[in-house]
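Biologist: Could we go through this model together? I should like to discuss its strands and its aromatic residues.

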Amino acid sequence: MYLHPLIASVPPDERAAFVQRIELRSYRRNEVVLAADEWSDRIYCVATGLLRVVVQGSGDSGDVTTDFIRQDDFFLNSALIEERYQAGATLVAALPTSLYLVPTLEFKALCDRHPAVTMGLLDVVMKRTTVLRRQIRQISSASSERLISRILHELTVLAPGTDGGYDKRITQSVIASYSGLSRMQVNKTMRDLERRGLVRRDEHGVYVPPHFASSDFQELPSAEPSPTAKDSGEVNPSFFSELFEAPPKSGKTTRK
């Protein structure tokens with residue numbers, strides 16, 4: 001979530017007061033941030049790291065990752081409708097993660113006072129919905145290799161490694177949870193891609209070719225690895241001040 005465009009029209013004094021009400025909290029990898037059915041009165045904004053949105057699959061299928069929340073993005077569930085909300089999914093730190101916990105009442109009051117903030121937030125939510133729908137379409141129609149290839153490339157954007165590729169701490173189990181495939185099928189497909197020279201790994205990360213971004217639906221956006229992506233959950237000191245600055249003007253299917 002790039003908060004600065006959302007609140008660019010908010011007066012400086014009001015922005016400063018808003019910042020003072022935000023809590024910064026850190027989580028270890030695989031630590032649960034918010035459990036399903038747990039009550040919360042916070043919006044969760046990722047400062048560094050990566051969150052998984054997890055729901056319980058049917059039968060013995062285990063957990064299903066429905067979404068990732070990357071640096072500067074957020075999870076708010078129905079937070080802007082009610083003061084407190086009951087989470088419909090579990091939030092898990094996929095990597096060491098630092099979060100800004102924003103009181104829902106404070107953010108809701110900001111939206112009430114500044115319609116531009118509300119419209120910006122609506123735009124972000126609509127884009128998130130589009131991404132989720134695209135993921136569902138791919139799971140239901142793409143071959144296993146095509147689906148996994150695209151997810152591997154997506155991870156280079158969501159969890160960039162220090163020298164390109166994606167963070168090797170993202171496990172095959174997480175990929176299986178996100179793809180709807182079995183852990184065994186993901187392992188087999190990735191080994192085959194490695195054998196063909198399409199995937200390689202070292203102590204820094206897992207690397208995939210750029211053409212893995214291609215699909216029948218849409219090209220994945222490119223992204224430069226963020227300097228803070230190298231850190232193990234440590235927040236760049238400049239992040240908090242930059243977070244609220246105005247932007248510069250510029251002229252198969254089921255598990256087996």
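Biologist: Which residue stands opposite Leu91 in β9, on the side of Leu34's strand or elsewhere: what is the partner of Leu34?

Modeller: Please note that this is a predicted model. Leu34 has Leu91 of β9 opposite it. Leu34 belongs to strand β2, residues 32-34, and two bridges join β2 to β9 in the antiparallel sense.

Biologist: And which residue of strand β5 stands opposite Leu91?

Modeller: That is Val53. Strand β5 covers residues 51-56 and pairs with β9 over four bridges, again antiparallel.

Biologist: Are the residues on the two faces of β9 buried or exposed?

Modeller: They are buried on both faces. Thr90 and Val92 point to one side of the strand, Leu91 and Ala93 to the other, and both sides are covered.

Biologist: Let us turn to another sheet. In what order do β11, β12 and β13 lie?

Modeller: The order is β11-β13-β12, in an open sheet with antiparallel pairing. The edge strands are β11 (166-167) and β12 (200-201), each of which pairs on one side only.

Biologist: How many bridges hold β11 and β13 together?

Modeller: There are two bridges between β11 and β13, the latter comprising residues 205-207. Asp167 stands opposite Gly205 of β13.

Biologist: Over which ring does Arg200 lie?

Modeller: Arg200 lies over the face of Tyr207, 4.1 Å from the ring centre.

Biologist: Now the aromatic residues. How many aromatic pairs are there?

Modeller: There are two. Phe18 and Phe107 form a tilted pair, with 6.0 Å between centres and 50° between the planes. Phe18 is in helix α2 (residues 12-20) and Phe107 in helix α3 (residues 104-113), so this pair ties together parts 89 residues apart in sequence.

Biologist: Are Phe18 and Phe107 buried or exposed?

Modeller: Phe18 is buried at 5% relative accessible area, and Phe107 is buried at 3%.

Biologist: What is the geometry of the pair formed by Phe68 and Tyr178?

Modeller: Phe68 and Tyr178 meet edge-to-face, at 4.8 Å centre to centre and 70° between the planes. Because Phe68 lies in strand β6 (residues 63-69) and Tyr178 in helix α6 (residues 172-179), the pair links parts 110 residues apart in sequence. Phe68 is buried at 5% relative accessibility, and Tyr178 is buried at 4%.

Biologist: Finally, the surface. Which residues make the nonpolar patch?

Modeller: Met119, Leu122 and Met126 make a nonpolar surface patch of about 320 Å². Of these, Met126 lies in helix α4, residues 115-141.

Note on methods: Residues numbered from 1 in each chain as written. Predicted model: local features only at pLDDT ≥ 70, side-chain atom pairs only at ≥ 80, totals over all residues. Heavy atoms only, no water. Pairing = 2+ DSSP bridges. Buried < 20%, exposed > 50% of the residue type's maximum accessible area, 1.4 Å probe, protein only. Patch = residues over 30% accessible without salt bridge, like charges linked within 9 Å, V, L, I, M, F, W, Y side chains within 5 Å. Areas by Shrake-Rupley, 256 points an atom, 1.4 Å probe, with all protein chains shown as cover. Salt bridge = Lys/Arg side-chain N within 4 Å of Asp/Glu carboxyl O. Phe/Tyr/Trp six-rings, centres within 6.5 Å; stacked < 30°, edge-to-face > 60°. Lys NZ or Arg CZ within 6 Å of the ring centre and 35° of its normal.
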